[in-house]
Structure formats: C-alpha cells, structure tokens
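Please work through the exercises below with the sequence and the model open beside you, and try each task before you read its solution.

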Amino acid sequence: MIRIDRVGKVVQSGSEKLTILRDIDLEVQKGEFLSIIGPSGSGKSTLLGLIAGLDAPSSGRVYVDDIELASLGEDELARIRGERIGFVFQFFHLLPSLTAAENVMVPMEIFGVADADEKSRALLAEVGLTDRSHHYPSQLSGGEQQRVAIARALANDPPILLADEPTGNLDQNNGKHIVDLILAIHERRGSTIVLATHDEALARRADRTLILDGGAIERIEPRRDAELRSVASGN
Ligand code: ADP
Ligand code: MG
C-alpha cells in the first residue's frame, strides 16, 4: 500500500545543506495503523508530506499502491492524492466562510460527486456531528472542528488516511475522543492510517509505532498487546 525505499530529504538552509530525513525504509500494509513518534524536528511532518506527495524526496522512492509518486505529472499526482489519500492537520485548516457541511463537500466538488449534499451529511454523522452541519468553524469547539476536518478527509472514501499531530491543538479529553474516532474509522473502514504525534500513549494504540530520531528510523515496535497475543499463540 505504502512503500518507502531508501528515502532521504535534504534542504538548503542558507549556505548549509540540512539533512531532514536519511535512509528511510518502510512498508505500511493495507489496513495497517502505523504511528510515528519522535521529538519536534525529528522529521515526522516531512515524512508524512512525502507519503502524501505534497513534497518530493531528495533521494529514494515513495510508492503508493505500487505507483511511484515522483513519476507522476502534476495532474495525475493531484488525482491520486484526491482519490486515495485523506489528510488531517494539527490546525484543522477548515475554510472559515463555509459551514461544516460545505467544508466536507469541498473535496467532492473537485471530483464532481453527484450526491455531495447527502454524502456530507452521512460523513458528519459518522464523526458524531449530525446536528452541527450548518455551523461555521468559528461556532465549533476545537474538537468539533477536528471532527469536521476528519469528515472532509474521508470525503472521497480514500483507502489511506494521514494525520499530522491531529490532537496537538486539543486538550487531553478532546484529544482522546479524536483518537477514539480515528481508531473507530480504522476498524470500520479498514483504512490504512499513518499518524504522527508526540503523544506516546496515543501512538501506542496503533498496530506499530515508528520512532524517528534526527531524521532516521530508530526502531519500529509492534503494539504491546499484539506482542503478547503472538507470544500466547506461539507465533
Ligand atoms: P517534526 O514534524 O518531527 O517536528 P519536521 O518534519 O517538521 O519535524 O522538520 C524536521 C526538521 O527539518 C526541522 O528541523 C525543521 O526545521 C526542518 N525543515 C523542515 N522543512 C524545512 C525546509 N523547507 N527548509 C529548511 N528546514 C526545514
Ligand atoms: Mg510536525
């Protein structure tokens, strides 16, 4: 589903070359939930941006469904992104002049979805916001805004959901509800999820946790109860 092959990212910072990611090798299976943790500046957002095709690697290759993103033209890349990838940001990025329902419809309009209205309502129900569809972002709490952003990310039923610190701007309680929602989506839709966070407890609820340090993979660990299960079953 997602394959990252010897990826590096180097940027020019003034007169210096700055290595943001080095030697990243990673496969995320269809339906897997992978979390990425690491201190601020360790390269989490950069890695998610490469998977989303928002940014190109300096070396190595990124594949989504065996398609190498760098081989695509701009239009093709936009289409693959729109169809296959939903993205959730720390700061929601809702359009302030649109209602919740209208925000969710934005990605559908790009693909000319016929019953966008109805679909938007169903998605808002899926994230627990049935009665908020006519509210503007300014009339919603942070947790509610993030729910709208998640509904928008699901607009075209993408098989892949990427989330960059989706609870980073929420208090602990709202953050937990958002994680519960992402886990429910994972369960219900079988989505492939990659989620960056610096909240270790949150990260440990994923199937596997990738620990980034200074732009390199320090290690990848399975969820502990998964480990116990495999010990118990003798695998
Ligand atoms: P994280 O999301 O883990 O906090 P980032 O991926 O945002 O880390 O950034 C990793 C490092 O790369 C940081 O030190 C950041 O300042 C730097 N960085 C990211 N993008 C650029 C860029 N375009 N130019 C220069 N430095 C960058
Ligand atoms: Mg970041």
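## Exercise 1: Two pockets

Task: Describe the lining of the largest pocket by residue class, and then that of the second largest pocket.

Solution: The lining of the largest pocket is made up of 14 nonpolar, 4 polar and 3 charged residues. The structure is a predicted model, and the volume computed for the largest pocket is about 510 Å³. Of its 21 lining residues, Arg81, Gly82, Ile85, Phe87 and Pro107 are the closest to the centre. Two or more lining residues come from each of helix H2 (74-84), strand E6 (85-88), helix H3 (100-110) and helix H5 (142-153).

The next step is the second largest pocket, which holds about 220 Å³ of space. Of the 15 residues that line the second largest pocket, Thr167, Gly175, Lys176, Asp199 and Leu202 are the closest to its centre. Helix H6 (172-189) and helix H7 (200-203) each give at least two residues to this lining, and H6 has the largest share, with 4 residues. By class, the second lining has 4 nonpolar, 6 polar and 5 charged residues.

## Exercise 2: An open sheet and one of its edges

Task: In what order do the 4 strands of the open sheet lie, and which strands stand at the edges?

Solution: The order is E2-E1-E4-E5, with antiparallel pairing. Because E2 and strand E5 (67-68) each have a single partner strand, one side of each is left without a neighbour in the sheet. Within the sheet, strand E1 (residues 2-13) and strand E4 (residues 59-64) are joined by 5 bridges, and Ile2 has Val64 in E4 as its bridge partner.

For the edge strand E2 (residues 16-28), take Arg22 as an example. Arg22 has a relative accessibility of 42%, and therefore counts as partly exposed. Leaving aside residues up to four places away in sequence, Arg22 touches Val7, Gly8, Gly214, Gly215 and Ala216.

## Exercise 3: The buried residues of a helix

Task: Which residues of H3 are buried, and against which helices do they pack?

Solution: Ala100, Ala101, Asn103, Val104, Met105, Pro107 and Met108 are the buried residues of H3. These buried residues pack against helix H4 (116-126) and H5. To place the list in a wider setting, recall that an α-helix has 3.6 residues a turn, so residues three or four places apart point the same way. After H3 comes Gly112, which has a positive phi near 60°.

## Exercise 4: Salt bridges

Task: How many salt bridges does a search of the whole structure find, and how exposed are the partners in selected pairs?

Solution: The search finds 20 salt bridges. In one of them, the side chains of Arg208 and Glu32 meet at 2.4 Å, N to O. This pair links parts of the chain 176 residues apart, with Arg208 in strand E9 (residues 208-213) and Glu32 in the loop between E2 and strand E3 (33-37). Arg208 is partly exposed because its relative accessibility is 24%, whereas Glu32, at 9%, is buried.

A second pair joins Glu144 and Arg132 at 3.2 Å, N to O. Here Glu144 belongs to helix H5 and Arg132 to the loop between H4 and H5, 12 residues apart. Since buried means under 20%, Glu144 at 17% counts as buried, while Arg132 at 25% is partly exposed.

In a further pair, the closest N and O atoms of Arg219 and Glu218 are 2.6 Å apart. Arg219, at 37%, is partly exposed, and Glu218, at 44%, is partly exposed as well. Finally, a network of salt bridges links Lys119, Glu126, Asp157, Arg188 and Arg189.

Technical notes. Residues are numbered from 1 along each chain as its sequence is written. Chains are lettered from A and ligands numbered from 1 in the order in which they are written. This is a predicted model: local features need pLDDT of at least 70, side-chain atom pairs count only at pLDDT 80 or more; totals for chains, interfaces and linings use all residues. Side-chain values use heavy atoms; hydrogens and water are left out. Buried means under 20% relative accessible area, exposed over 50%, partly exposed in between (1.4 Å probe, protein chains only). Contact means heavy atoms within 4.5 Å. On a 1 Å grid over the protein atoms alone, a cavity is a set of points where a 1.4 Å probe fits but cannot get out, and a pocket is an open set with protein on both sides within 12 Å along at least five of seven lines; lining residues have an atom within 4 Å of a point. Grid points are joined across faces, edges and corners, and a volume is the space filled by probe spheres set on the points. Ala, Val, Leu, Ile, Met, Phe, Trp, Tyr, Cys and Pro count as nonpolar, Asp, Glu, Lys and Arg as charged, and the others, Gly among them, as polar. Two strands pair if DSSP finds at least two bridges between them. A salt bridge is a side-chain nitrogen of Lys or Arg within 4 Å of a carboxyl oxygen of Asp or Glu.
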